[in-house]
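Subject: Structure for you to look at, with notes

Dear colleague,

I am handing over a structure that I would like you to open and turn around before you read any further. My notes follow below it, and I suggest keeping the view open while you work through them.

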Amino acid sequence: MLYDQYKKRETFKDSFDTPLFGTLEADSPIPKNVIGEHPLEPALAYQLIKDELMNEGNARLNLATFCQTYMEEEAVKLMSETLEKNAIDKTEYPQTAEIEHRCINMISHLWNSPDEADTIGTSTVGSSEACMLAGMAMKFRWRKRAAEFGLDLSKKPNLVISSGYQVCWEKFCVYWDIELREVPMNADCMCIDPNTVLQYVDEYTIGIVGILGITYTGKFDDMLAIDRILETYNASTRHKVYIHVDAASGGLFVPFVNPDLPWDFRLKNVISINCSGHKYGLVYPGIGWVLWKRKEYLPEELIFEVDYLGGKMPTIALNFSRSASQIIGQYYNFIRLGKEGYQRIQQKTQDVAHYLAEQLEETGIFHIYHDGSDLPVVCYTLKEDEKREWTLYDLSDRLLMRGWQVPTYPLPKNLENIVIQRIVCRADLNYDMAELLIRDVKEGIQELNQAAVLVHGKKAEPKVYGFTH
């Protein structure tokens, strides 16, 4: 019936003054699985796709993600004007390559590289690619040492990391046939326990990953304590073990808010670090960075000389064709904000996190696990109350009705019985929005206390609910 109506309407003709939503194409189904036979007007194609995306969430109200959801108009314009630049083609775009190199130098300075001229690194699509490159370097270095020392290379090597790891590390271990040795978090510190790390280390350990901002809780691993323990260990064995810091979230946050915290290249056994520029580097997704303290820590086998688009060039990254626009966006932020601008933005973000933690604690029903003192992330659970019928999953539903995306999920291995809620504070979450969030939380609690029907309730099985890294 609908098809007949569409065929009948083909007898009408559109003219230049036909309203957009009065055109024949606007009254026809948008192509979904098969490319359409005829082109559409640009304005109509734009509007149809925009309409399809209308029912998605408001990115700025998504308190589940660490990814940046706001940039200045000038940055967006500059990035839009550089979308066609291929980041890999350093012969055609030498100034873009120079800008990438400047960013690496700036980041190495922020991370207290002892010799910036000897530090090597690359931009990546995000931290997942950066972690993959860092993990490969760890494995290649270990394999070379293992061959020299006569170890059995058929035996699977291992990587030591907190159980609060991001899933990219699990992917790395699967892809590269590595045993993932998880150091369980405990409810007291919600991060790796340095005193138990050596229980997981042996001659087949390719490295230890410390996390500067565990995605579950926002807590930092104690890099200084791990470094000291490894210093003693490495002095007693030829099977040296070093640290890679997964600073996806903290790498471009801590240098501005807590520059005296020892976590980076100041520590002797920290030899590589990655971060996400699209998190607290304040760039839209996706841009990441990975740096090695000295060139000697990046195996030569991972540096490729490639004949590509007109010349030879060294490349470290996995991807060969990607837009340079995010690199340009990162450089824009570095020169636009400077240290003072980053410090003011990051400190305000942390202050907002403290405010939210205080307000949530004042309700009397939440136990705060992290108040934003490390990363500006607030995570909490419900205090025990036999009379309360609703759960954090129900509260997530109530907040979603008001547009807020606040994740609820169980903690990892050994802590699965603890279900928490997490609020990630980003630069665009100001005090006014935080006050509105607290208002909606309190109203949601009142509604749940009076609710006759609950979707989840106490019998709900723990699950991941809106949890986004």
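A good place to begin is Phe334, which is found in helix α9. Please keep in mind throughout that this is a predicted model. Is Phe334 buried or exposed? Its relative accessible area is 10%, and since buried means under 20%, Phe334 counts as buried. Leaving aside the neighbours within four places in sequence, Phe334 is in contact with Cys103, Met106, Ile107, Leu252 and Tyr342. One of these partners, Cys103, is 231 residues away along the chain, and yet the C-alpha atoms of Phe334 and Cys103 are separated by 8.0 Å.

Phe334 also takes part in a contact between two helices, and there are three such helix pairs that I would like to go through with you. Two packed helices are described by the angle between their axes and the distance between the axes.

The pair to which Phe334 belongs is α4 and α9, whose axes come within 9 Å and cross at roughly 50°. The two helices are therefore oblique to each other, and α4 passes α9 in a left-handed crossing. On the α4 side the contact is made by Thr96, Ile99, Glu100, Arg102, Cys103, Met106, Ile107, His109 and Leu110, while α9 contributes Ile327, Ile328, Gln330, Tyr331, Phe334 and Lys339.

Helix α9, which covers residues 325–362, also packs against helix α11, residues 431–450, at an angle of about 20° and with the axes 10 Å apart. Because angles under 35 degrees count as roughly parallel, this makes α9 roughly parallel to α11. The crossing of α9 and α11 is right-handed. In this pair, Asp351, Val352, Tyr355, Leu356, Gln359 and Leu360 of α9 meet Tyr431, Ala434, Glu435, Leu437, Ile438, Val441 and Lys442 of α11.

Helix α11 has a further partner in α10, which spans residues 392–401, and here the packing angle is about 125° with the axes 9 Å apart. That makes α10 oblique to α11, and the crossing of α10 and α11 is right-handed. The residues that make the contact are Asp394, Leu395, Arg398 and Leu399 of α10, together with Leu437, Asp440, Val441, Gly444, Ile445, Glu447 and Leu448 of α11. If you compare the lists, you will find that Leu437 and Val441 of α11 appear in the contact with α9 and also in the contact with α10.

Next, please turn to the loop between β6 (270–276) and β7 (288–292), where Lys279 has its place. Which modification does UniProt list for Lys279? The record, an unreviewed entry, gives "modified residue: N6-(pyridoxal phosphate)lysine" at this position, and the annotation may be inferred rather than shown by experiment. In the model Lys279 is buried, with a relative accessible area of 7%. Lys279 and Phe253 are 26 residues apart in sequence, and their C-alpha atoms are 9.0 Å apart in space. Gly286 is found in the loop between β6 and β7 as well, and the peptide bond from Pro285 to Gly286 is cis, with omega near 0°.

Two further residues deserve a look for their backbone angles. Asn112, in the loop between α4 (94–110) and β1 (120–124), has a phi near 60°, which is a positive value in a residue other than glycine. Met190, in the loop between β3 (179–183) and β4 (205–211), likewise has a positive phi, of about 55°, although it is not a glycine. As for their surroundings, Asn112 counts as partly exposed at 31% relative accessibility, whereas Met190 is buried, with a relative accessible area of 2%.

Finally, here is the chain as a whole. Its secondary structure comes to 11 helices and 13 strands, and buried residues make up 52% of its 469 residues. Among contacts between residues at least 6 apart in sequence, 71% join residues at least 24 apart, and the contact of Phe334 with Cys103 is one that you have already met. The accessible surface of the chain comes to about 22900 Å², of which 53% belongs to carbon and sulfur atoms.

With best wishes

Methods
Residues are numbered from 1 along each chain as its sequence is written. This is a predicted model: local features need pLDDT of at least 70, side-chain atom pairs count only at pLDDT 80 or more; totals for chains, interfaces and linings use all residues. Side-chain values use heavy atoms; hydrogens and water are left out. Helices (H or I, at least four residues) and strands (E, at least two) are DSSP runs, numbered from the N terminus. Buried means under 20% relative accessible area, exposed over 50%, partly exposed in between (1.4 Å probe, protein chains only). Contact means heavy atoms within 4.5 Å. Accessible areas come from the Shrake-Rupley method with a 1.4 Å probe; for residues, only the protein chains shown count as cover. Axes are lines fitted to C-alpha atoms, for helices over the stretch in contact, and angles run from 0 to 180 degrees between N-to-C directions. Angles under 35 degrees count as roughly parallel, over 145 as roughly antiparallel, 65 to 115 as roughly perpendicular and the rest as oblique. A crossing is left-handed if the near helix is turned anticlockwise from the far one by less than a right angle, and right-handed if clockwise.
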